[in-house]
Amino acid sequence: MTEFSQHNNDDLLARAFRDNDAPAAPEATPTTGDLDLAERNAFRRVTRETTIRAEDTTDGYEVEYRKLRLERVILVGVWTEGTVAEVEATMDELAALTETAGAEVVEMIYQKRDKPDSGTFIGSGKVKELRDIVEATGADTVVCDGELNPGQLTALERALNTKVIDRTMLILDIFAQHAKSKEGKAQVSLAQLEYLYTHTRGWGGNLSRQAGGRAGSNGGVGLRGPGETKIETDRRRIRTEMARLRKELRAMKTAREVKRSKRQRSTIAQIAIAGYTNAGKSSLINAMTGAGVLVEDALFATLDPTTRRATLADGRQVVFTDTVGFVRHLPTQLVEAFKSTLEEVLAADIMLHVVDGSDPFPLKQIEAVNQVIYDIVSETGEQAPPEIIVINKIDQADPLVLAELRHVLDHEDVVYVSARTGEGIDELTARVELFLNSRDSHVKLQVPFTRGDVVARVHAEGTVRHEEYTADGTLVDVRLPAPTARELAEFIVEEVS
């Protein structure tokens with residue numbers, strides 16, 4: 001490779017990674033989240049191009065170089081209800097999903113209709129306009145904001161002569177990129193197969209049957225078979241693979257339930273962080289615990305549940321669990337596949353429902369999250385835990401939006417914070433402490449000097465209000481979790497109301 005080509009390569013690489021190449025301070029120790037983010041940003045789509053320079057043709061070789069290039073995408077939506085601002089916010093969210101998947105949005109269009117067209121989603125007239133836009137921009141893919149049936153996908157691909165995907169396929173692609181654990185990858189694979197099973201398409205030879213019966217009536221040797229079309233064969237293979245993945249996930253669910261039961265027996269309070277994708281759930285955990293979990297300004301940055309132990313200001317130990325984010329119209333396949341992960345929310349003592357205050361329609365986020373939780377509660381029969389709504393990113397929020405939230409939401413259950421600046425974090429921590437204390441038993445214990453282990457346990461699991469030494473032992477005024485108080489009933493000398 002010549003010096004000229006090498007220089008071009010270096011320049012292209014530098015421009016492509018200009019947002020991710022800021023070196024960390026030499027003395028800083030990278031956290032787990034920093035390492036995860038570096039690994040994720042290390043992957044980009046690369047296309048190879050070949051050019052031949054005139055001065056090189058005499059030597060009989062070609063000069064190759066690599067060019068970093070993102071897939072170019074056109075977004076298409078159908079406006080059936082709501083205001084212009086709402087539909088544009090939905091399209092902006094679709095654009096954020098597309099960029100998270102690693103593509104570049106070159107155009108966004110939407111059409112006002114009573115309902116999506118049954119044949120082409122947007123109607124034949126708009127399809128012709130869209131084809132002209134595809135040809136003019138050189139787009140590789142068209143993403144539709146909705147779930148398309150196989151007929152609509154086929155009709156659009158034939159008319160546009162380019163790849164067409166829907167919102168569900170896009171979200172599944174993001175999940176496939178971001179899943180890290182074995183369970184997360186299996187859950188994503190199952191969701192993809194469930195979607196593929198109902199959207200398997202084919203034409204021509206894909207719809208022809210293998211011959212069955214006697215040789216004289218079917219064309220002879222090599223053409224006899226079970227009489228299945230290729231689509232039927234593909235679907236049978238998909239069903240087999242889905243059954244295998246479900247079996248694996250059942251085994252993983254058993255292991256998760258064992259770990260969950262151990263945490264519950266430990267009497268340490270469980271706090272689940274749930275909410276809309278990119279609302280700042282991981283940033284909130286870092287602000288409250290300094291855990292250093294992966295934080296990225298992208299949708300669905302967290303797929304695998306992250307559990308971190310922390311100590312609150314009153315000395316109480318708690319466990320925070322960061323869960324996968326929700327989104328409007330979350331595919332049912334993902335809800336089903338990630339059910340075991342989402343059940344972490346139901347097993348918690350309290351849920352922090354994180355909302356992006358900088359979003360133009362945060363109430364829509366709250367509605368979408370509540371719908372998913374309601375679906376899980378309906379299927380499992382369990383009760384949702386008490387929740388505190390955390391309005392995050394108030395440093396970036398529109399004051400009018402915050403005023404609307406303060407007017408609509410109950411002040412008793414809402415805290416306004418900024419995980420980035422730290423504003424409101426102390427109030428949130430105090431609110432969590434107050435809630436956990438309300439569930440505790442307030443007692444006084446008389447512990448003999450020979451039972452130092454009990455005193456140590458009281459300090460570890462409870463909130464000690466006062467401690468003094470008497471002739472009979474250590475007198476401790478403490479708030480304890482109810483199960484712990486029952487276990488230490490023999491030392492209780494007074495129950496404080």
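**Stop 1: the four-stranded sheet**

Start by selecting β13, β14, β15 and β16 in this predicted model. Together they form an open sheet of 4 strands, and reading across it gives the order β14-β15-β13-β16, with antiparallel pairing. Look at the two borders next: β14 (463-470) and β16 (492-495) are the edge strands, and each of them pairs on one side only. Neighbouring strands in this sheet are turned against each other by 20° on average, ignoring direction. As a reminder, strands of a sheet pair through backbone hydrogen bonds, either parallel or antiparallel.

**Stop 2: inside the sheet**

Now narrow the selection to residues 440-447 and 473-481, which are β13 and β15. How many bridges link this pair? There are 8, in the antiparallel sense. To find your place along the pairing, show Gln446 and look for Leu475 in β15, which stands opposite.

**Stop 3: the helix across the strands**

Keep the sheet on display and add residues 452-461, helix α15. This helix lies across β13, β14 and β15, and its direction makes an angle of about 35° with β15.

**Stop 4: Thr429**

Step back along the chain to helix α14 (residues 425-438) and pick out Thr429 within this helix. Is Thr429 buried or exposed? Its relative accessibility is 14%, so Thr429 counts as buried, the cut-off being under 20%. Show the side chains around Thr429: leaving aside residues up to four places away in sequence, Thr429 touches Met288 and Leu312.

**Stop 5: helix α3**

Move to residues 84-100, helix α3. Its 17 residues reach 24 Å from the first C-alpha to the last, close to the 24 Å expected at 1.5 Å a residue. Colour the buried residues of α3, among them Val87, Met91, Leu94 and Leu97. Glu93, Thr98 and Thr100 are also buried in this helix.

What do the buried residues of α3 pack against? Add β3 (71-79), β4 (103-112), β5 (141-144) and α6 (167-178) to see these partners. Before leaving, click on Gly102, just after α3, where the backbone takes a positive phi of about 100°.

**Last stop: the whole protein**

Finally, zoom out to show everything. The protein has 16 helices and 16 strands, and buried residues make up 44% of its 497 residues. Of the contacts between residues at least 6 apart in sequence, 68% join residues at least 24 apart. Switch on a surface to finish: the protein exposes about 26,000 Å², with carbon and sulfur atoms supplying 50% of that area.

Definitions and conventions. Residues are numbered from 1 along each chain as its sequence is written. This is a predicted model: local features need pLDDT of at least 70, side-chain atom pairs count only at pLDDT 80 or more; totals for chains, interfaces and linings use all residues. Side-chain values use heavy atoms; hydrogens and water are left out. The expected span of a helix is 1.5 Å times one less than its number of residues. Buried means under 20% relative accessible area, exposed over 50%, partly exposed in between (1.4 Å probe, protein chains only). Contact means heavy atoms within 4.5 Å. Two strands pair if DSSP finds at least two bridges between them. Axes are lines fitted to C-alpha atoms, for helices over the stretch in contact, and angles run from 0 to 180 degrees between N-to-C directions. Accessible areas come from the Shrake-Rupley method with a 1.4 Å probe; for residues, only the protein chains shown count as cover.
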